[in-house]
Amino acid sequence: MDCCIVSALWYFIPLYLLIHFLCFVFADADFTLLWASLSGHRPENKLKGLVVWVTGASSGIGEELAYQLAKCGSRLVLSARREEELKRVKRRCLECSDLQDEDILVLPLDLLERPLHEEKTKAAIQHFGRIDVLINNGGRSQRSLFMETSVDVYQALMELNFLGTVSITQQVLPHMTQQGSGSIVTVSSVVGLAGAPLGTGYAASKHALQGFFNSLRTELTDFPNILISTVCPGPVQSQIVHNAFTEELNRPVATVGNQEHKMPTSRCVRLMLVGIANGVKEMWIAQQPFLLFYYAWQYTPTFAWFITNILGRKRVQNFKAGLDADSAYFTKPKTS
């Protein structure tokens with residue numbers, strides 16, 4: 001009998017490990033999030049009727065969030081600086097869902113204008129009577145080398161990505177504690193967990209967000225129905241590179257490059273909504289090989305440093321050669 005059990009385990013354990021290895025090879029999110037997508041609550045059921053405020057809703061991930069939330073039946077507050085783009089997004093939301101005009105509030109917002117954030121929050125609450133979910137998605141990236149970058153760029157990144165997000169959160173959170181429930185979801189990045197060249201200021205702002213919200217979560221243990229969640233996407237097809245800071249505040253990105261190798265925005269947003277619906281506190285969303293880096297940094301940091309240094313050197317070389325920083329992982333540097 002014992003021999004039969006040992007023999008069974010001898011075959012079962014390698015098979016079990018092989019299945020998990022294959023799942024990881026084809027995974028595009030952490031196992032907790034993928035399990036929630038397979039067996040957890042569906043966003044269409046959990047988010048229907050909720051009031052969701054999305055910042056950075058005029059393009060990229062924020063725009064796609066608006067469309068998918070509208071299809072889920074969520075009532076929306078759409079915010080960004082460009083009002084005309086928000087109105088365009090609202091029209092498409094109405095076309096692709098059963099929402100009515102009054103179910104979507106266009107609320108122009110500049111994260112840098114912190115004195116106005118209280119007024120904007122009151123306007124959202126006055127329109128809907130409540131805010132159930134705040135998705136902090138607004139912000140900008142960076143594409144420049146540290147030694148060539150003005151300190152003004154670093155100040156702008158922290159003011160926008162970190163302090164702007166903290167300010168909106170500070171206005172919304174008391175309302176959620178008063179109603180006894182809510183979700184604050186913040187879009188961070190893979191570089192909120194690990195460093196990367198050409199984005200020192202961007203990584204610093206995202207590390208700040210990670211530290212802030214991880215600490216805030218521990219302050220809210222008396223409010224178990226309030227979710228503090230951070231989303232850490234890898235490369236995603238969006239406008240973030242087009243709008244990135246460079247060496248100087250008003251200098252545009254020279255080369256954007258092809259976005260096809262990145263994760264489709266629709267898939268990233270779907271996983272985000274699954275995470276929100278299932279109360280996932282931290283979401284890792286990326287295709288391979290980027291997902292491997294999340295686990296390497298978490299469990300084998302020495303190995304992660306080794307790989308990061310190799311890829312980082314290649315990324316800088318390609319950037320100096322005039323190639324897109326993100327596609328540098330998939331291309332060879334130019335030679336003179």
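These legends walk you through several close-up views of one predicted model.

**View 1. Helices H4 and H5 pass each other with a right-handed crossing.**
Start by finding the two helices: H4 covers residues 60-72, and H5 covers residues 83-95. Their axes come within 9 Å, and the crossing angle is roughly 25°. Angles under 35 degrees count as roughly parallel, so H4 is described as roughly parallel to H5.

**View 2. A salt bridge sits within helix H5, linking Arg 88 and Glu 85.**
Stay with H5 and look at its side chains. Arg 88 and Glu 85 both belong to this helix and are 3 residues apart, which is about one turn. Their side chains meet in a salt bridge, at 2.9 Å from N to O. Are these two buried, exposed or something in between? Arg 88 is partly exposed, at 25% relative accessible area, and Glu 85 is partly exposed too, at 27%. Here's the general idea to keep in mind: side chains of opposite charge can pair when their charged atoms come close.

**View 3. Helices H6 and H7 pack at an angle of about 45°.**
H6 takes in residues 117-128, while H7 runs over residues 151-179. Their axes are 10 Å apart. How should we describe the way they lie? The angle of about 45° is not under 35 degrees, and it falls short of the 65 to 115 range for roughly perpendicular, so H6 and H7 are oblique to each other. As for handedness, this crossing is right-handed.

**View 4. Ala 204 and Tyr 154 have C-alpha atoms separated by 8.8 Å.**
How many residues lie between these two positions, counting along the chain? They are 50 residues apart in that sense, yet the gap between their C-alpha atoms is 8.8 Å. Ala 204 belongs to helix H8, which spans residues 200-219. With a relative accessible area of 37%, Ala 204 is partly exposed.

**View 5. Arg 251 and Glu 247 form a salt bridge.**
In this pair, the closest N and O atoms are 3.6 Å apart. The two partners don't get the same label, though. Arg 251 is partly exposed, with 43% relative accessibility, whereas Glu 247 is buried, at 13%. The cut-off for buried is under 20%, so the 13% of Glu 247 puts this residue in the buried class. Elsewhere, salt bridges with shared partners tie Arg 42, Glu 44 and Arg 270 into one network.

**View 6. Arg 42 and Glu 44 meet through their side chains in a salt bridge.**
Now zoom in on two members of that network. The N to O distance between Arg 42 and Glu 44 is 3.4 Å. Arg 42 has 46% relative accessibility and counts as partly exposed. Glu 44 is partly exposed as well, with a relative accessible area of 27%. Stepping back from the close-ups, the salt bridge count comes to 12.

**View 7. Phe 303, Phe 306 and Ile 310 make a nonpolar patch on the surface.**
The patch has an area of about 310 Å². One of its members, Phe 306, is found in helix H11, residues 301-320. Is Phe 306 buried or exposed? Its relative accessible area is 53%, and the exposed class begins at over 50%, so Phe 306 is exposed.

Note on methods:
Residues numbered from 1 in each chain as written. Predicted model: local features only at pLDDT ≥ 70, side-chain atom pairs only at ≥ 80, totals over all residues. Heavy atoms only, no water. Patch = residues over 30% accessible without salt bridge, like charges linked within 9 Å, V, L, I, M, F, W, Y side chains within 5 Å. Areas by Shrake-Rupley, 256 points an atom, 1.4 Å probe, with all protein chains shown as cover. Salt bridge = Lys/Arg side-chain N within 4 Å of Asp/Glu carboxyl O. Helix = DSSP H or I, 4+ residues; strand = E, 2+ residues; numbered from the N terminus. Buried < 20%, exposed > 50% of the residue type's maximum accessible area, 1.4 Å probe, protein only. Axes fitted to C-alpha atoms, helices over the stretch in contact; angles between N-to-C directions. Parallel < 35°, antiparallel > 145°, perpendicular 65-115°, else oblique. Left-handed = near helix turned anticlockwise from the far one by under 90°.
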